[in-house]
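Welcome! Here is a short guided tour for anyone opening this entry for the first time. Take a look at the sequence and the model, and then we can walk through them together.

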Amino acid sequence: MKPLLSVCIPIYNRSSFLKRILERFLEEKSFFQDDVELFVSDNCSPENLGEICKLYQERGLNLQYHRNDDNMGMDGNFATCFRKENGSNTY
C-alpha cells in the first residue's frame, strides 16, 4: 500500500543529526508507521549514512534510503527526493 505521506530527508554528512531525527521518529512510529514513509537521500556523503539507515530499518522504521552516485548539490538532492519518494504527499 502506498504511504499517505513521505517525509524526505535530503542529507550530506551530518550523521549525528540523522541519528537524532531517526531516533525521534522511532519513538513515535506507532502513530504513523503504516501511513508515513521516511525517505533519506544521501548526496554521496563520505560518512556511512547507509549503515545508519539500515540500523533504523531493522528497528522497524518505514525508511527508504537512496545514495546518489555523485554529489548533485543541494538542489539536485532535493529533486531526487521528489522523484524517488512513494507517498501521496511529500514534505
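## A first stop at Cys44

Let us begin with one residue. Cys44 counts as partly exposed, because its relative accessibility is 23%, and the range for that label runs from 20% to 50%. You will find Cys44 in the loop between strand S2 (36-42) and helix H3. Its backbone is worth a look too: phi of Cys44 is near 60°, a positive value in a residue other than glycine. For background, most residues other than glycine have a negative phi.

Please keep in mind throughout that this is a predicted model.

## The overall fold

How many helices and strands does the protein have? The count comes to four helices and four strands. If you follow the chain from its beginning, these elements come in the order β-α-α-β-α-β-α-β.

What does the radius of gyration say about the protein's shape? The value is 12 Å, and a compact globule with 91 residues would have one near 12 Å, so the two agree. Along the principal axes, the C-alpha trace spans about 35 × 25 × 15 Å. The chain also brings distant parts of its sequence together: among contacts between residues at least 6 apart in sequence, 79% join residues at least 24 apart.

## Surface and charge

Of the 91 residues, 38% count as buried. The protein exposes about 5,500 Å², and carbon and sulfur atoms supply 50% of that area.

Charged side chains come in both kinds here, with 11 positive and 14 negative. The centres of these two sets lie 2 Å apart.

## The loop after S2

Now back to the loop that holds Cys44, since Ser45 is found in this loop between S2 and H3 as well. Is Ser45 buried or exposed? Ser45 is buried, because its relative accessible area is 1%, where the cut-off for buried is under 20%. Leaving out residues up to four places away in sequence, Ser45 touches Tyr12, Asn13 and Arg67.

One of those partners, Asn13, sits in the loop between strand S1 (5-11) and helix H1 (15-27). Asn13 has a positive phi of about 60° although it is not a glycine, and a positive phi is also found at Cys44.

## Asn68 and its partners

Further along the chain, Asn68 lies in the loop between strand S3 (63-67) and helix H4 (73-84). Asn68 counts as buried because its relative accessibility is 3%.

Which side chains make polar contacts with the side chain of Asn68? One is the side chain of Asn43, at 3.1 Å. Another is the side chain of Asn77, with a polar contact of 3.0 Å. Beyond its neighbours within four places in sequence, Asn68 is in contact with Ser41, Asp42, Asn43, Cys44, Asn77 and Thr80. Our starting residue, Cys44, is thus on the contact list of Asn68.

## Arg59, between H3 and S3

Arg59 is in the loop between helix H3 (49-58) and S3. With 38% relative accessibility, Arg59 counts as partly exposed. Not counting residues up to four places away in sequence, Arg59 touches Glu23, Leu26 and Lys29.

Leu26 makes a good example of how the chain folds back: Arg59 and Leu26 are 33 residues apart along the chain, while their C-alpha atoms are separated by 7.9 Å.

## Out on helix H4

Our last stop is helix H4, where you can find Met74 and Asp75. Are these residues buried or exposed? Met74 is exposed, with a relative accessible area of 62%, and Asp75 is exposed with a relative accessible area of 62% too. The cut-off for exposed is over 50%.

Two distances help to place these residues in the model. The C-alpha atoms of Met74 and Leu63, eleven residues apart along the chain, are separated by 21 Å. Asp75 and Asp34 are 41 residues apart in sequence, and 29 Å lies between their C-alpha atoms.

Notes. Residues numbered from 1 in each chain as written. Predicted model: local features only at pLDDT ≥ 70, side-chain atom pairs only at ≥ 80, totals over all residues. Heavy atoms only, no water. Helix = DSSP H or I, 4+ residues; strand = E, 2+ residues; numbered from the N terminus. Rg over C-alpha atoms; globule rule 2.2 N^0.38 Å. Buried < 20%, exposed > 50% of the residue type's maximum accessible area, 1.4 Å probe, protein only. Contact = heavy atoms within 4.5 Å. Areas by Shrake-Rupley, 256 points an atom, 1.4 Å probe, with all protein chains shown as cover. Lys, Arg positive; Asp, Glu negative; His and termini not counted. Charge placed at Lys NZ, Arg CZ, Asp CG, Glu CD. Polar contact = N/O pair within 3.5 Å; in protein donor to acceptor, adjacent residues only side chain to side chain.
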